[in-house]
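These are my notebook entries on a single chain. I set down what I looked up, entry by entry.

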Amino acid sequence: MKKNSRWSTKGKIRHRYFSWWGYLTIFLIFSIIGGIPGALYGQNWKILLHSGYVGWYLLYYALVSAIFSALIAFRRYHDFVRPLSQLSTAAKRVANGDFSVYLPPVHSFNNYDQLDSLFENFNQMVAELGSTETLKNNFIGNVSHEFKAPLAVIQSYAASLKRVSLSETEKERYLQIIIQATNDLAALVTNILRLSKLENQTIIINATNFDLSHQLADCILKFENRWEEKQLQVNVDLLDSCTIFADQELLAIVWNNLLTNAIKFTPSQGNIKISQQEEDLGVRITISDSGIGIDNETINHIFDQFYQGDSSHSKEGNGLGLAMVNKIIELSKGTVTVHSKLKDGTTFGVWLPLNVKK
């Protein structure tokens with residue numbers, strides 16, 4: 001691709017530490033300043049010009065001007081040219097894909113100036129770009145991996161079905177495995193498309209007034225068979241009624257994901273508590289479990305796409321659920337928090353504003 005010559009500066013950068021025009025200007029200023037005392041005391045400049053001292057006079061101020069110009073050139077190089085050269089070199093490395101660049105501050109902490117602030121902002125920009133690049137690469141790698149797993153299962157068991165020696169029971173089991181793998185693949189595609197749509201969305205489009213308490217109750221009842229299978233004790237404390245203005249379909253995704261995780265990570269005969277209460281001009285929903293808990297490293301990345309802290313349950317999801325939860329709550333102008341300790345359960349808290357449109 002042809003580069004726009006308007007923005008191309010390659011080969012045009014010139015480092016000017018010394019300027020003859022600058023030197024002559026300084027010489028002229030010093031000569032005038034040096035001559036002011038003589039003029040004030042009424043000395044006869046005609047005598048000075050014919051006495052032979054004028055040469056020494058000019059030589060003296062020429063040397064003084066040279067020294068002063070050298071000092072200015074040194075300060076210009078030290079305070080301006082060298083830092084900007086470092087910044088230019090670092091920017092070029094970043095443009096070539098190197099996000100490990102770091103520019104140390106020019107001055108000590110107590111003497112920070114605008115140049116140090118510029119370097120600090122540059123370092124922050126590079127760190128953000130590096131993080132974005134890493135997330136992009138991880139996203140591509142994770143998508144590839146998540147697609148390969150069910151496809152490998154489908155391919156393997158489909159090939160096994162060709163064997164004549166298979167019994168009807170084995171064929172049925174293989175078909176069920178293939179169907180489950182295709183369902184997992186379809187769910188993955190659906191979640192990727194849904195998350196992609198959410199990432200490009202800045203406002204809630206299909207917001208309506210609805211009863212949040214009623215929605216929570218419906219979502220909880222849908223999981224009744226699952227918690228009964230694990231013999232879980234479920235305690236529910238909901239408001240009688242709570243009307244909010246939000247996207248009902250999107251919030252259903254939030255409750256389904258949080259309840260799924262609570263049931264998945266709680267051992268048999270454990271406890272799950274769901275509560276709802278008004279708080280700070282809004283409503284807070286907390287979902288707590290007595291499950292295996294989460295370590296600090298996992299908490300720091302729990303809302304990242306495809307991140308799964310507990311590998312033993314990796315086959316039960318694709319790591320997109322909590323990323324969608326976080327984005328949906330963000331679009332709903334709410335907040336989501338998580339508190340947990342290993343072997344001491346986990347609590348997810350969701351706060352939503354009580355905005356009701358009339």
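**Entry 1: Asn 183**

In which helix does Asn 183 lie? I located Asn 183 in helix α5, which spans residues 168-199. I note here that the model is a predicted one.

I next asked how exposed or buried Asn 183 is. Its relative accessible area is 42%. Asn 183 is therefore partly exposed, since that class lies between the 20% limit for buried and the 50% limit for exposed.

I also looked up Asn 183 against Pro 150. The two are 33 residues apart in sequence, and their C-alpha atoms are 9.1 Å apart in space.

**Entry 2: α6 and α8**

I turned to the packing of helix α6 (residues 212-222) with helix α8 (residues 248-264). Their axes come within 10 Å and cross at roughly 45°. I therefore recorded α6 and α8 as oblique to each other, and their crossing as right-handed.

Which residues of α6 meet α8? On the α6 side I listed Leu 212, Gln 215, Leu 216, Cys 219 and Ile 220. The α8 side supplies Gln 248, Leu 251, Ala 252, Trp 255, Asn 256 and Leu 259. By class, the residues of this contact between α6 and α8 are 8 nonpolar and 3 polar, with no charged ones.

**Entry 3: α8 and α10**

I then followed α8 to helix α10 (residues 321-331). The axes of α8 and α10 come within 9 Å and cross at roughly 140°. That angle makes α8 oblique to α10, because only angles over 145 count as roughly antiparallel. I noted the crossing of α8 with α10 as left-handed.

From α8, the contact takes in Leu 250, Leu 251, Ile 253, Val 254, Asn 257, Leu 258 and Asn 261. From α10, Gly 321, Leu 322, Met 324, Val 325, Ile 328 and Ile 329 take part. I counted these residues of the α8 and α10 contact as 10 nonpolar, 3 polar and no charged. Leu 251 of α8 is listed in the contact with α6 and also in the contact with α10.

**Entry 4: the sheet**

What is the strand order of the open sheet? I read the order of its 5 strands as β2-β4-β5-β7-β6, with mixed pairing. β2 (233-237) and β6 (335-340) stand at the edges with a single partner strand each, so one side of each lacks a neighbour in the sheet. From one strand to the next, the twist averages 10°.

I examined the pairing of β2 last. β2 runs parallel to strand β4 (residues 271-279), and 5 bridges join them. Asn 235 stands opposite Lys 273 in β4.

Terms used:
Residues numbered from 1 in each chain as written. Predicted model: local features only at pLDDT ≥ 70, side-chain atom pairs only at ≥ 80, totals over all residues. Heavy atoms only, no water. Axes fitted to C-alpha atoms, helices over the stretch in contact; angles between N-to-C directions. Helix = DSSP H or I, 4+ residues; strand = E, 2+ residues; numbered from the N terminus. Parallel < 35°, antiparallel > 145°, perpendicular 65-115°, else oblique. Left-handed = near helix turned anticlockwise from the far one by under 90°. Contact = heavy atoms within 4.5 Å. Nonpolar A, V, L, I, M, F, W, Y, C, P; charged D, E, K, R; others polar. Pairing = 2+ DSSP bridges. Buried < 20%, exposed > 50% of the residue type's maximum accessible area, 1.4 Å probe, protein only.
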